[in-house]
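Here is a short report on strand pairing in one chain and on how two chains are related. Have the structure open as you read.

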Number of protein chains: 4
Amino acid sequence: MKKLKFGLIGGGNGAFIGHVHRRGATMDDLAVLVAGCFSRNREKSLDTAEKWDVTDINRVYADYQEMAEAESKREDGIDFVSIATPNDTHYPIAKCFLEHGIHIMCDKPLALTAAQGYELEALAKEKDLLFGVSYTFAGYAMIRQAREMIDHGEIGRVLTIQGEFPQEWLIVSLVSDHSEQATWRHDPKRSGESGCCADIGTHVEYLISKMTGLHPKRVIARFDHIPAEVPLETNAMMMIEFDGNVPGMIWTSQLAMGHETEPVVRIFGEKGSIEWSHLKPWELRVTRINQPPQVYTTNRDYLYPAAKELCRLPSGHIEGFYEAFGNIYHGFIMNLLAKKYSIDAGTFSYPTVADGIRGIEFVDACLESNKKGNIWVNVGK
Amino acid sequence: MKKLKFGLIGGGNGAFIGHVHRRGATMDDLAVLVAGCFSRNREKSLDTAEKWDVTDINRVYADYQEMAEAESKREDGIDFVSIATPNDTHYPIAKCFLEHGIHIMCDKPLALTAAQGYELEALAKEKDLLFGVSYTFAGYAMIRQAREMIDHGEIGRVLTIQGEFPQEWLIVSLVSDHSEQATWRHDPKRSGESGCCADIGTHVEYLISKMTGLHPKRVIARFDHIPAEVPLETNAMMMIEFDGNVPGMIWTSQLAMGHETEPVVRIFGEKGSIEWSHLKPWELRVTRINQPPQVYTTNRDYLYPAAKELCRLPSGHIEGFYEAFGNIYHGFIMNLLAKKYSIDAGTFSYPTVADGIRGIEFVDACLESNKKGNIWVNVGK
Amino acid sequence: MKKLKFGLIGGGNGAFIGHVHRRGATMDDLAVLVAGCFSRNREKSLDTAEKWDVTDINRVYADYQEMAEAESKREDGIDFVSIATPNDTHYPIAKCFLEHGIHIMCDKPLALTAAQGYELEALAKEKDLLFGVSYTFAGYAMIRQAREMIDHGEIGRVLTIQGEFPQEWLIVSLVSDHSEQATWRHDPKRSGESGCCADIGTHVEYLISKMTGLHPKRVIARFDHIPAEVPLETNAMMMIEFDGNVPGMIWTSQLAMGHETEPVVRIFGEKGSIEWSHLKPWELRVTRINQPPQVYTTNRDYLYPAAKELCRLPSGHIEGFYEAFGNIYHGFIMNLLAKKYSIDAGTFSYPTVADGIRGIEFVDACLESNKKGNIWVNVGK
Amino acid sequence: MKKLKFGLIGGGNGAFIGHVHRRGATMDDLAVLVAGCFSRNREKSLDTAEKWDVTDINRVYADYQEMAEAESKREDGIDFVSIATPNDTHYPIAKCFLEHGIHIMCDKPLALTAAQGYELEALAKEKDLLFGVSYTFAGYAMIRQAREMIDHGEIGRVLTIQGEFPQEWLIVSLVSDHSEQATWRHDPKRSGESGCCADIGTHVEYLISKMTGLHPKRVIARFDHIPAEVPLETNAMMMIEFDGNVPGMIWTSQLAMGHETEPVVRIFGEKGSIEWSHLKPWELRVTRINQPPQVYTTNRDYLYPAAKELCRLPSGHIEGFYEAFGNIYHGFIMNLLAKKYSIDAGTFSYPTVADGIRGIEFVDACLESNKKGNIWVNVGK
């Protein structure tokens, strides 16, 4: 089975996330980068191509339209494209590649509005194309283990859920150094109408879905713009009713000094609980009724196969952010290979355009609830 | 300065909390138990008296009215009474002793309704009597340290607050052994209309007040009665606006397997954060902007004097639940001694009837919000 | 069954440990303090008596000899005496009370030399008296749980053991404030020839014995006197062969900044491991072969009865140093009551004069090994 | 500046460590794999070449001698070779490539005997070639931060050191599944005379050197072969005197159930302490005298530049085992680039042949001490 070929949009200005996509896509030697439009600046784009071993400079494109067109015509054109550009450009780029029949892995968020998301979903369906959205944290093996345990009834019916994602860099930046990141992340034109709910809250919303299979049905949200009335909310509190009337909360904040990047999900069931924290993402804290809490770790025999196969290193050797990203791509690529060669993708999965849409719908419902004085608002159509 | 004399109502049936009150009150050799009504069963009451070194059996009373009357007439009558009886009896007992001019330390909750609370507060004021309410967790020295740091501006303006109190014993009991505790705690006649919000949520509400000086102004609450429609809520989610428009959340649950007794309060300010967890109550996690988090511990030179004076043991030697209780009593007794001997109580303080009322008002607002479909309800009059 | 009566030597100058003994002995309402010699200063002794409710001033004695004599002659004389005086006085005081037929609970260390220990042991045997030594940390319930698990074969044959006790107060004191404690703890006349090995290393040696039933057979020790050549060692490293040829190490240090009071014991067996740390003494970390580590906690149904009966508070409520001390006394008192009333003491136990002797023998062997250039030295006779 | 070209010996049978070397070497896009001898099985070797994008099959060699010869003759021959073969082959392979003038990055251990190490060191010196040894854990950024802090005097003179490396996989394997890994790791012909001391103890020895600059001067070691008399020791206890008479201990064990891969180093100085654990390798626990412990994390402004430049991801995003390996290679490559282009390598460094030799000398001294009955043995020539 030959490696898949892929192209990458973005990453050429030393942009952190472009490199992460490339590294994720190539991690398990199942795909090779052969084309790209890494920067609007030609020189930078070529420099990046050289650095990243894209040897055919004819496949270093001036813009994404040109690339979609050219690659779709080549016999040896790319199998999929990775989109790692600013949030407001995801939609047009994804649309263009779909129209040219190319599979997509798009950085989060999928788009700025749900309408854009629905259009992309419909187009992908029409063209029979895979469309992944890179919800990084969901790539950790123990997230999969949690889902397997819940699906196998190990904690019984889910009774309540607590999620959070406290983060400090923005407040540190706002109060101290006023970095560029802090600026664009708080420009509604480039980031959409929501700040921390869209940026980090959706990670928690998706993690919960991934771990439990449950989606938010309705939500009460309060957004606060602090300190000093920043354009987008920096603190978001959500009271949620999930499928099956399961109550839960999500708190997400960019004011949380002392917390660097800490998504946490805790799931409480009738027979036990499962807790995951990004502080030690290779662990799962599992408590069974009236028993001592246990700490499950990666790559152990006692894990479900679907979780174990997401581990590369012997237990006790840390896989981190890159490998989580690699697992997102691994699932996507395995499904694409399965499609291409008409084989079975096994238990591999990846976050799809539908998941991306749910994230937008969730944010939209939160925005509406906040505007209307914090009342219940249904999520989705 | 002679020890204070006190009496105790309750504790005679091996009731856990009566013993805790006695031990807390006598911990620092500032008070001696000389009277009581430990049980409605005379024999048990006398047995307890003997066990607890109450040598004058004339001061072992058949009921609290008799005790209030007799003790108030004695030259050497009790200075204060400790009330450690079931929740629904706090109000009549406290009222009776106030009427007889005796100071009060009452177990939490103060009463079942705010109206009862207001009456007790007015009566205490009228009679010029001290009235303490035993919010145990607030007795930990590091809670005081947090307040001192915030009052001294160490974390700047408070921006947002997160509190929680997950607990597992009730769900364990409901699902497995159906203990007696589980039964009475869920009898509205004896516990009031609220379950976990009143029982454990108020601890968090008070801890936040104690640590920050901020009180809930309005609240959106959702109560859930799970599993299997128990009479009182077992999971309560609160979205709160504190004084000064500070947003916050409290989650409290009796469904939280894997969490034995875990109140946690995290306070985020413009210049830093302070976090306290009952998992290690002798610690305070303090983060200053752009600096590494620090772990403050008890009885160190770097603490504020008002916190350090609440420590009995060298740092690294664990003071736990009893000593926290002892600190509540210590503050109460120091203030009572100060009153009695017209001296200064220094920085010692204790939770008062006003704090107890705020707890009831908070629960009432939550109950109303929950009934009305989870809308904002103002807290208090 | 009436309470036991006891006397206390020491504690009268606000000495921390005297109060701890009193509180430990009376914690469970099985004993009452009726006599004492709290200070060589009469006034202080009387003040302490009043504070501690010793009402008969005839039983506040000028010296321990007078006390032993008087109490042994009284019909209602004390059942046992608690010795909480400086280390160099333990031996003469204990000997005197034994000679007068009074049971003993002695602070650690038992004596300054093994010869003194043997003499006390022989005398206690001859007089048929109980002789306890207060190894505090061994009082934690989870230490007992560890032993029960090992005795029941839950981790199989013990393969290796790691113990440590890092502490920082002395180095902090030596480098910064030069406290009085630091001075007397480093006076060989008052503390014996060993510093941190005797002071804190013996706690680890006893904890290991208590948890596993294994004693050190021979030892290689290196003592260092740092910084600046203090009279007694501040850092002690021990390589140990336990019974059954089990290898182990103990490190104990008074130079360990960042560690307040942290005895830790880790026991590795053929089928699992058990680890206990004073950082969370209510926990036991248990790993079974090829399974996730589990965290056992106090007062749970899954504990062995002998461990559970050492718990006073519901799980999740912290019992600390005082309660550990209380458990030492509880075991001692239950055995004394059993002896007095010819009943069964059940599973209760306490550290005895034999354990105290083993501690001295261990220190003696370490001192010899250190002096001889760190060679193997047998422990004990 | 063009990428360096490198070759790889080993990795072709799905061998874990070969892939790790390749990924480490290419991580920062400073080197490209162009040649190799991945397996003695030609087909496997070619499969691996294809998977790893080694496109010129003429550079996929049958054996290492052929490869060294061919590559050394090519104009565009490899700059360096990575050796990722079984331990007993490191020496001949390294020697061969040195003789052909090719720089080396060799997996740990450098060789089976110190004599081999000296020979390689001399040869590298003679040929003016770089020779790296991949001590993975030393690649973590916080290890560098520790060294910078100590070199800048932040904890004062080092007083004592504690190191350990408990691990469980071997005992789990020995008792349960008898894996192939367990077999070859315990074959003296392939692994040398020492088991866990050589395999994991040397990691700790090197970490300590890297963090403090101090090397073991002499050692007392005890090796145990448990359970059931395995050929090589599975538990090693070392009492050490470091440079400057600093006392320390290292414990390393393959019997330590509950510990997956846990090197820990704790360094105690006159003014503070620094502690690092592989359980959270992105943290450093720092305590300054009489101050609260602090937790330093990766990629923060408060780090020394030499540590910060080893971080790729924003703080809070986990870099793990691969990135630590990448840092080892990064330092090696930066030095090689500096040499090649006569530029400055800045603060970048890497473990060298001299470090590899020290590891062997340390193990040799331990073996000798163990054989001679656990007496002091000097380390090195």
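## Strand E4 and its neighbours

A:Ile104 stands opposite A:Phe131 in strand E5 of chain A. This is a predicted model. E5(A) covers residues 131-133 and pairs with E4(A) in the parallel sense, over 3 bridges. From E4(A), the chain crosses through helix H5 (residues 114-127) of chain A to E5(A). That β-α-β crossover is right-handed.

E4(A) also pairs with strand E3 (residues 80-83) of chain A. The sense is parallel again, with 4 bridges. Here A:Cys106 in E4(A) is the bridge partner of A:Ile83. Helix H4 (residues 90-99) of chain A joins E3(A) and E4(A) in a right-handed β-α-β unit.

## Both faces covered

Is strand E4 (residues 103-106) of chain A buried or exposed on its two faces? Both faces are covered. A:His103 and A:Met105 lie on one side, and both are buried. A:Ile104 and A:Cys106 lie on the other side and are buried too. Buried means under 20% relative accessible area.

## Chains C and D

How are two copies of a chain related? By a rotation about an axis and a shift along it. For chain D on chain C, the rotation is 180° and the shift along the axis is 0.0 Å. The superposition has an RMSD of 0.0 Å. This is therefore the relation of a two-fold axis.

In chain D, D:Ile375 has the C-alpha nearest the axis, 3.3 Å from it. Both copies use the same surface: 100% of the contact residues of chain D recur in chain C.

How values were computed: Residues numbered from 1 in each chain as written. Chains lettered and ligands numbered in written order. Predicted model: local features only at pLDDT ≥ 70, side-chain atom pairs only at ≥ 80, totals over all residues. Heavy atoms only, no water. Buried < 20%, exposed > 50% of the residue type's maximum accessible area, 1.4 Å probe, protein only. Pairing = 2+ DSSP bridges. Right-handed = clockwise from strand over helix to strand, strands pointing away. Least-squares fit on C-alpha atoms with pLDDT ≥ 70 in both. Contact = heavy atoms within 4.5 Å.
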